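Student: Could you walk me through this protein and show me how each label is earned?

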Amino acid sequence: MAFNLPEFLNQPLSIGNRTIPGRLVLAPLSKLGNVAFRELLAGYGGFGLMFSEMSSSRAVQHGTSNTIAGFMWRPKELEHLVCQLFGDDPDTMGRAARQVEKAGFFGVDINFGCSVASICRHGCGAELLKTPDLAVKIVAAIRRQVALPVFVKFRTGWQDDPQPAVDLARRFEDAGADALTFHPRVAPDRRTRPPKWAYIARVKEAVSIPLFGNGNVFSADDCRTMLNTTGCNGVALGRLAIARPWIFAQWTRGIAPDRDIYKTCALEMIDLLEKHFEPALAMRRLNRFFAYYASNFKFGHTFYARICKAQTPEDARQVVLDFYREAPETVTIPKITLLR
Ligand SMILES: Cc1cc2nc3c(=O)[nH]c(=O)nc-3n(C[C@H](O)[C@H](O)[C@H](O)COP(=O)(O)O)c2cc1C
């Protein structure tokens, strides 16, 4: 029987003591999956859960200040939102997780996947995959502090061998993790080579908690293939979600994107960035978002060059309106692989 993607994605999934309504989730994306973007995404719907951008546990442990980059939310989204933390100290991570719980998030996610130098240099993110005992200690410390679902996001590790990730997945489960997101790439690879989805199947076989597969899902066929070939319980979408925030609704509810959706999405995002951020930050986030958005168009690079020159949200709106007057041609699969 043919695999019915919407039917699968719309199945609820139990995670710890909670249930999510669907299996397609927004992956954590620093500087992209911000509160403005998530409000845009919430307007389309279709996701089972959203992961926040990563926040430093050192900053978050002191309280629920809504000024920490990444640690910003709308109260309405908390029931669908998991807060991602990074850090290298189990106690600090535990204290930060308590703040996450106090704020009312759905869950807390631990970042063992980020391989950028600024994070790894401080012993955080994927660097912790080099010290599995410490990584497991962090999971256990968080588990002791909170009752809400605990998630772990991790990668293959630092060598192209799935076995350490398989072993770690088991240990994360034993330490109290309720769900995992696995991105099957080695840590130094910043998305240049394709992820090895076969490793997702290996990790899935090793654990009994839900596993979200992640990495290079750019079409409904990719999503179907990942689910079919790996047995993962759900899929975490990263870059495609930014380029096409309606993709969750498209794949789970069958909404058909038309020319209008591209235009209104761009204009709405500008409004939301202006609503949530002070002007300079709004423009920086706007540039990041539109790099992904521009990948939807045959001549997206020209559009992106124009929007980068915008000094204000009003300039950006004008660039969007002018672009749509030219009836831009969209592409089937966005060229986000070109983004580094
Ligand atoms: C710009 C950017 C920022 C990211 N930020 C985070 C992050 O804060 N935390 C995290 O765990 N992963 C982060 N990732 C990794 C993504 O969550 C995801 O694993 C990766 O993009 C592969 O999925 P995709 O092919 O669907 O984009 C980031 C990726 C990108 C491109």
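Here is our chat about the labels and the definitions behind them.

Tutor: Two ground rules to begin with. Residues are numbered from 1 along each chain as its sequence is written. The model is predicted, so local features need pLDDT of at least 70 and side-chain atom pairs count only at pLDDT 80 or more, while totals for chains, interfaces and linings use all residues.

Student: What makes something a helix or a strand here, and how many are there?

Tutor: They're DSSP runs numbered from the N terminus: helices are H or I with at least four residues, strands are E with at least two. The protein chain has 15 helices and 10 strands.

Student: How do you know what radius of gyration a compact globule would have?

Tutor: The rule is 2.2 Å times the number of residues to the power 0.38, and the radius is taken over C-alpha atoms. For 340 residues that comes to near 20 Å; the protein chain has 19 Å, so the value agrees with a compact globule.

Student: Why is strand β8 called mostly covered?

Tutor: A residue is buried if 20 or more other C-beta atoms, placed from the backbone, lie within 10 Å of its own (exposed means 12 or fewer, partly exposed is in between). In β8, residues 179-186, seven of the eight residues are buried. Across the protein chain, 49% of the 340 residues count as buried.

Student: What makes β7 and β8 a pair?

Tutor: Two strands pair if DSSP finds at least two bridges between them. Six bridges join β7 to β8, which run parallel, so they qualify. Glycine 157 stands opposite valine 186 in β8.

Student: And what about β3 and β4?

Tutor: Strand β3, residues 24-26, is joined to β4 by two bridges, and they run parallel. The cut-off is at least two, so they pair. Valine 25 faces leucine 49 in β4.

Student: Which strands form the closed barrel?

Tutor: Eight strands do, in the order β3-β4-β5-β6-β7-β8-β9-β10, with parallel pairing.

Student: How do you know which residues surround the ligand?

Tutor: A residue is near a molecule if its C-beta atom, placed from the backbone, lies within 6 Å of it. That gives 21 residues around the ligand, and the closest are Ala27, Ser30, Met54, Gly238 and Arg239. The elements giving two or more residues to this shell are β4 (49-56) and α10 (239-243).
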